[in-house]
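I opened my notebook to look up two things today: charged pairs inside the protein, and whatever sits around the DNA. Here is what I wrote down as I went.

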2 protein chains.
Amino acid sequence: MGGRQRPTIKTVAARAGVGRTTVSRVINGSDLVSDKARAAVLAAIAELKYVPNSVARGLVTSRTDSIALVIPESESRLGSEPYFSAVIRGVSTGLAATRTQLQLVLVRDQGELDQLTDTVATRRVDGVLLVSVHADDPLPGLLEEMGLPTVLAGRRSSCESLSHVHSDNAGGAAAAVRHLMARGRRTIATIAGPQDMDVGRGRLGGWREALTGAGREPDGLVAVSDFTEEGGERAMARLLADAPGLDAVFAASDVMAAGALLELRRQGRRVPEDVAVVGFEDSIIARHTNPPLTSVRQPVEEIGETIARVLLEEIADPDAPRRHLVLPTELIVRASS
Amino acid sequence: MGGRQRPTIKTVAARAGVGRTTVSRVINGSDLVSDKARAAVLAAIAELKYVPNSVARGLVTSRTDSIALVIPESESRLGSEPYFSAVIRGVSTGLAATRTQLQLVLVRDQGELDQLTDTVATRRVDGVLLVSVHADDPLPGLLEEMGLPTVLAGRRSSCESLSHVHSDNAGGAAAAVRHLMARGRRTIATIAGPQDMDVGRGRLGGWREALTGAGREPDGLVAVSDFTEEGGERAMARLLADAPGLDAVFAASDVMAAGALLELRRQGRRVPEDVAVVGFEDSIIARHTNPPLTSVRQPVEEIGETIARVLLEEIADPDAPRRHLVLPTELIVRASS
DNA sequence: GGCACCTTTGGGAACGTTCCCACCGTACAT
DNA sequence: ATGTACGGTGGGAACGTTCCCAAAGGTGCC
């Protein structure tokens, strides 16, 4: 069953009484076709339930109508899952109106990275979406060198040459700090993200800027961590040891903030009475911590949608200048501050 | 740059001083090649950095070395995200050793379902993985009819004809109930999942079986809900209204259990003193509720890995009998019971 | 020494498209 | 009436691979 041979463009052409080329033109929406021929072809297509073979098409056009979304698997674990789910959803939305397929690549180790390079080399995808890039990540450079359209969510550094989209990390962090100051907090520490990632540096920068801008002294109130919950706990412990008098913490991610909450409770500090806590991302986690977490919302789904859109544009016109988009953040105030 | 034409199999053949076919044989691991020829070909491949064009290969072999993972987007939202992340990770693991690519399809609405049908019709994938199937889902039947290898995580009903993998829903639920009875609970209610899904029915069945098996009366202690947190809250409210004396609840998912916890607290019941709560899945959520949630762990990543493996087998041998695997669950006891 | 057989090899065809180009009318300007 | 232009059309070639088949070269046996 289903063994009946699929119709090809030739079958359709014969049925419609026209040539292959005319059928191809109808399919691809060329307007150099008479209404009569077009009608005949469309009828034949419907009758035969013809669907063009995209592999054959890909062979001659050397386009595959598919893009790859690359996610470092180490970071798809732990608490950062909601981020990736949202990005995936956004990308899928951005692709919805097109016939572009989404290929998901979880990069686990060097072996899979090689495999990915092959995938790319063999031109199985028209472009690549990269998420969660580190400063020393070899992949972006590799893709750039191969001339394959590439868009990053985030960036390697502030002078990123590839197209990229990210949220206003510094601005969001600064808003969080100003909110804490407005609430009368005196000593505002921060749990920063990895400093080999621009997100990490950007949020730390925003925190520092807001403090110095208000004439405060940020020294000694930074604990650099790794975006994990355990990391957040350890960082909070360090901060409490270094600055027992702190009355507020800005964590560069919700997950780390959740860890911080655990450590604060363990040490008998009340939130928000003794210490106010603000996170970053406004993932579902923020609504479920105890107490619910004030957080800087970043439009993750929109980031996904945007990188997809930008990539499609870049595929369509590879010579267009690279894009660099910053999406706004918004402070969502809850009980923790 | 990178504009230098990619080498084809012809280039390699010329460089190695052999015919196209010999190169093809070396690439595909045929043993009808002399050692000398093989060495020459391998050298040429390395020298030219040749990578076979998989699109061209796909055209002639009508295999694409890629499979689709289909996820209903409505269910990728809400709290069920950790489930999908884990499945994706598992599938990716199951594919790691092969050159099979993973295509992710989020099905939002009818339009995208049509698009998916096209994708499948046009043979852009060798097989399909289906997650979270409902009893009346048209897709599985469609795929079956097209003769495309398909594996389900879950099943439409207990007499599923397609290959499928699921965890021991009834057994896990029964274990949860027995645990609650062992803790001395007298009135054990349940928040069940959608009854048009086998997971929902299976877990409800396990709960009922364990109770009647112990000579207890399960009547009137069921609230059917929808796997969402809000649904869990509403169901809990209904149960408390119907049976104010209940002292335990088994929820068919962690997310619904989290909702139940909220409602219990709202109504001033202490957990676990007044009411014990057990969830199902043991996702990250379980570790983060207040109090931490006792839950039936299902090996989600392993499910993903297994469906991938089974699908690959089915693609390799389409006439092999369909598989039906049940993976064991394990009760993880925490503070909520 | 000839015949059959097996190993190794390479060229032709095919997969289903799109693109290039040449062709045929018809209409319009000269 | 002839030339020019252009909308519409279809056939040939190409994309890069695999598969089929035929042929070349060697080996062993009668």
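**Entry 1: the term I need.** I count a salt bridge when a side-chain nitrogen of Lys or Arg is within 4 Å of a carboxyl oxygen of Asp or Glu. I also remind myself that this is a predicted model.

**Entry 2: a pair in chain B.** I looked up Glu47(B) and found its side chain in a salt bridge with Arg15(B), at 2.5 Å from N to O. Glu47(B) belongs to helix α3 (residues 35-48) of chain B and Arg15(B) to helix α1 (residues 9-16) of chain B, so this pair ties together parts 32 residues apart in sequence. I checked Arg15(B) for accessibility too: its relative accessible area is 47%, so I put it down as partly exposed.

**Entry 3: the full tally.** How many salt bridges does the structure hold over all chains? I got 34.

**Entry 4: pairs in chain A.** Arg155(A) and Asp198(A) form a salt bridge, and their closest N and O atoms are 2.7 Å apart. Here too, distant parts of the chain are linked: Arg155(A) is in the loop between β4 (150-153) and β5 (163-167) of chain A, while Asp198(A) is in helix α9 (residues 198-213) of chain A, 43 residues apart. Are Arg155(A) and Asp198(A) buried or exposed? Both are buried.

Next I tried Arg270(A), whose side chain meets that of Asp274(A) in a salt bridge (2.9 Å, N to O). Asp274(A) has 27% relative accessibility, so I logged it as partly exposed; the cut-offs I used are under 20% for buried and over 50% for exposed.

I also found a network of salt bridges linking Asp282(A), Arg297(A), Glu330(A) and Arg334(A).

**Entry 5: around the DNA.** Then I moved on to DNA strand D, which has 27 residues around it. The closest are Thr22(A), Ser34(A), Ile9(B), Ser24(B) and Tyr50(B). I sorted the surface near DNA strand D by class and got 12 nonpolar, 10 polar and five charged residues.

Which part of the strand faces the protein? Of the strand D atoms within 4 Å of the protein, 56% belong to sugar or phosphate, and the rest to bases.

**Entry 6: phosphate contacts.** I noted three polar side-chain atoms by their distance from a phosphate oxygen of DNA strand D: Thr22(A) at 2.6 Å, Tyr50(B) at 2.5 Å and Arg57(B) at 3.1 Å. The elements giving two or more residues to this surface are α2 (20-27) and α4 (54-61) of chain A, plus α2 (20-27) and α4 (54-61) of chain B. Which element gives the most? I found that α4(B) does, with five residues.

Technical notes. Residues numbered from 1 in each chain as written. Chains lettered and ligands numbered in written order. Predicted model: local features only at pLDDT ≥ 70, side-chain atom pairs only at ≥ 80, totals over all residues. Heavy atoms only, no water. Helix = DSSP H or I, 4+ residues; strand = E, 2+ residues; numbered from the N terminus. Buried < 20%, exposed > 50% of the residue type's maximum accessible area, 1.4 Å probe, protein only. Near = heavy atom within 4 Å. Polar contact = N/O pair within 3.5 Å; in protein donor to acceptor, adjacent residues only side chain to side chain. Nonpolar A, V, L, I, M, F, W, Y, C, P; charged D, E, K, R; others polar.
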